[in-house]
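Subject: Structure for your review

Dear colleague,

I am handing over the structure below, and after it you will find an account of what was found. Please read the two side by side.

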Amino acid sequence: MTDPTTPADAPTGLQAGTVRPLLQQRRGHEFTRILAFGAARGEHVVPNDDLVGPIDSSDEWIRQRTGIITRKRAGKDVEAVDLAEAAAREAIEKAGIEPSQIGVVLVSTVTHTVATPSMASLLAERIGATPAAAYDISAACAGYAYGIAQADSFIKSGLADHVLVIGAEKLSDVVDPTDRSISFLLGDGAGAAVVGPSDFPGIAPTVWGSDGSKWDAIGMTATYNEWEAGAPRPTMRQAGQTVFRWAVWEMVKVARQALETAGVAPSDLAAFVPHQANIRIIDEFAKQLGLPETVMIARDITTTGNTSAASIPLASHRLLEEHPDLSGGLALQIGFGAGLVFGAQVVVLP
Ligand SMILES: CC(C)(COP(=O)(O)OP(=O)(O)OC[C@H]1O[C@@H](n2cnc3c(N)ncnc32)[C@H](O)[C@@H]1OP(=O)(O)O)[C@@H](O)C(=O)NCCC(=O)NCCS
């Protein structure tokens, strides 16, 4: 096919008079949905009492201020990619597809053992999703919502039919046991979702963004160069109150926008699955959004801890396991964290 509209004097780089071929275009699927979830948590149950000594804290303080009773952590020999593999295998099996049908593997992680190559390409190879496009997303606790946004767009644009979206973290590797700003919050786990074509709209438009003016609010204590020059091994830390206030004031607005963009009211929701950062943030969200009691609220943080990008798919997986009747209902999900970055969308639960 050629482009009959190319004028002879158009700046095409072609000689005057020659005709430029019209580029073929792909068309994707009209609708997408999450087909299935998979989950893997670290095998160790770590109670608050195991962590309070070096941070001069108490079981009572941690329960009251965060809602966490225990968190899951992985053993020394387990890497985040191992958790990702287990979660991915479950999601693919439940979705009823072959790994070879996956066109893109997206892993959101901040705890891959090397800066490059990606965890996603290693995972794709391990599960037989080859030669899928594969890359990691660095969007911390918003990474899963970012991944769902990309999966939705890829399938609608024809770039892939099925996309594997994973949040996988071994945060215990980047914890300083003496840091009282974040160490007691973090857990290890991976949550996976297979996104595919659908007969109905199963993923509403995403509301997402960033606020780099708070780049310093959560992150690592040192760069690699500073470490080499003698700084202690980099670990994670946060300005807890700054993040808390930002989450409660700004993220509620984002959650409301996601509902409006989806064209649904709080009373239309079956579930609310916010990032599992702090039970007080979750409860404040629910209050400010005016969620009716009929809406099931994910509180996986109480026994899993904060697993960053893995927290939303892990919490969704658990909700569906404990309440299978939620299947087919609407869930509002919102992730937010280091960057600062955020992403939210309403989805139909598989
Ligand atoms: C980290 C967090 C739990 C701290 O709770 P907080 O209520 O904000 O605590 P504050 O920093 O206001 O400190 C309150 C008091 O507790 C003390 N405290 C702080 N951390 C403590 C700890 N780990 N154990 C015991 N006491 C602690 C403070 O010293 C302070 O004592 P004071 O009143 O005598 O001065 C909370 O800020 C938080 O969850 N922030 C958001 C986390 C988040 O959303 N992260 C998202 C991305 S991962």
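Helices and strands are named here by DSSP runs, a helix having at least four residues and a strand at least two, and both are numbered from the N terminus. In those terms, Gly305 sits in the loop between H8 and H9. Please bear in mind that this is a predicted model.

Overall picture

The chain holds nine helices and 14 strands. For 350 residues, a compact globule would be expected to have a radius of gyration near 20 Å, and the value of 22 Å for this chain agrees with that. Along the principal axes, the C-alpha atoms fill a box of roughly 80 × 55 × 40 Å. Of the 350 residues, 53% are buried, and of the contacts with a separation of 6 or more, 75% are between residues 24 or more positions apart. The accessible surface amounts to about 16000 Å², with 52% of it belonging to carbon and sulfur atoms. As for charge, there are 27 positive and 40 negative side chains, and the centres of these two sets are 4 Å apart.

Two helices and their buried sides

In helix H3, which spans residues 119-127, the buried residues include Met119, Ala120, Leu123, Ala124 and Ile127. They lie on the same side of H3, because the arc that they cover around the axis is only 135°. Packed against the buried residues of H3 are helix H2 (80-95) and the strands E4 (102-108), E5 (133-137) and E6 (162-170).

Helix H7 (residues 279-289) can be described in a similar way, its buried residues being Ile279, Ile281, Ile282, Phe285, Ala286 and Leu289. Their arc around the axis is only 165°, so these residues too are on the same side of H7. The cover over the buried residues of H7 includes the helices H1, H6 (240-262) and H8 (301-304), together with the strands E11 (271-274), E12 (296-297) and E13.

Three buried residues and their contacts

Returning to Gly305, its relative accessibility is 2%, and since buried means under 20%, this loop residue counts as buried. Apart from neighbours within four places in sequence, Gly305 is in contact with Ile68, Thr70, Arg71, Leu185, Gln276 and Asp300. Its C-alpha atom is separated by 20 Å from that of Gly343, which is 38 residues away along the chain.

Ile312 belongs to helix H9, which covers residues 311-322, and with a relative accessible area of 2% it is buried. Once its neighbours within four places in sequence are set aside, Ile312 is in contact with Tyr144, Val273, Pro274, His275, Gln333, Ile334 and Gly335. Between the C-alpha atoms of Ile312 and Val105, which are 207 residues apart along the chain, the separation is 18 Å.

Val347 is placed in strand E14 (residues 341-348) and is buried, its relative accessible area being 1%. Its contacts, again leaving aside neighbours within four places in sequence, are with Ile34, Gly202, Ile203, Gly329, Leu330, Ala331 and Gln333. Gln333 thus appears in the contacts of Ile312 and also in those of Val347. From Trp249, 98 residues apart from it along the chain, Val347 is separated by 23 Å between C-alpha atoms.

Backbone details to check

Most residues other than glycine have a negative phi, and most peptide bonds are trans. With that in mind, four places in the loops may interest you.

Thr130 and Pro131 are joined by a cis peptide bond with omega of about 5°, and Pro131 is in the loop between H3 and E5. The peptide bond from Gly339 to Leu340 is also cis, here with omega near -10°, and Leu340 is in the loop between strand E13 (330-337) and E14.

Asp56, although not a glycine, has a positive phi of about 45°; this residue lies in the loop between strand E2 (44-47) and helix H1 (59-66), and at 63% relative accessibility it counts as exposed. Ala140, likewise a residue other than glycine, has a positive phi near 45°, and its place is the loop between E5 and helix H4 (143-157). Unlike Asp56, which is exposed, Ala140 counts as buried, at 8% relative accessibility.

With best regards

How values were computed. Residues are numbered from 1 along each chain as its sequence is written. This is a predicted model: local features need pLDDT of at least 70, side-chain atom pairs count only at pLDDT 80 or more; totals for chains, interfaces and linings use all residues. Side-chain values use heavy atoms; hydrogens and water are left out. The radius of gyration is taken over C-alpha atoms; the globule rule is 2.2 Å times the number of residues to the power 0.38. Buried means under 20% relative accessible area, exposed over 50%, partly exposed in between (1.4 Å probe, protein chains only). Contact means heavy atoms within 4.5 Å. Accessible areas come from the Shrake-Rupley method with a 1.4 Å probe; for residues, only the protein chains shown count as cover. Lys and Arg count as positive and Asp and Glu as negative; His and the chain ends are not counted. The place of a charge is taken as NZ of Lys, CZ of Arg, CG of Asp or CD of Glu. The arc is that of the directions from the helix axis to the C-beta atoms.
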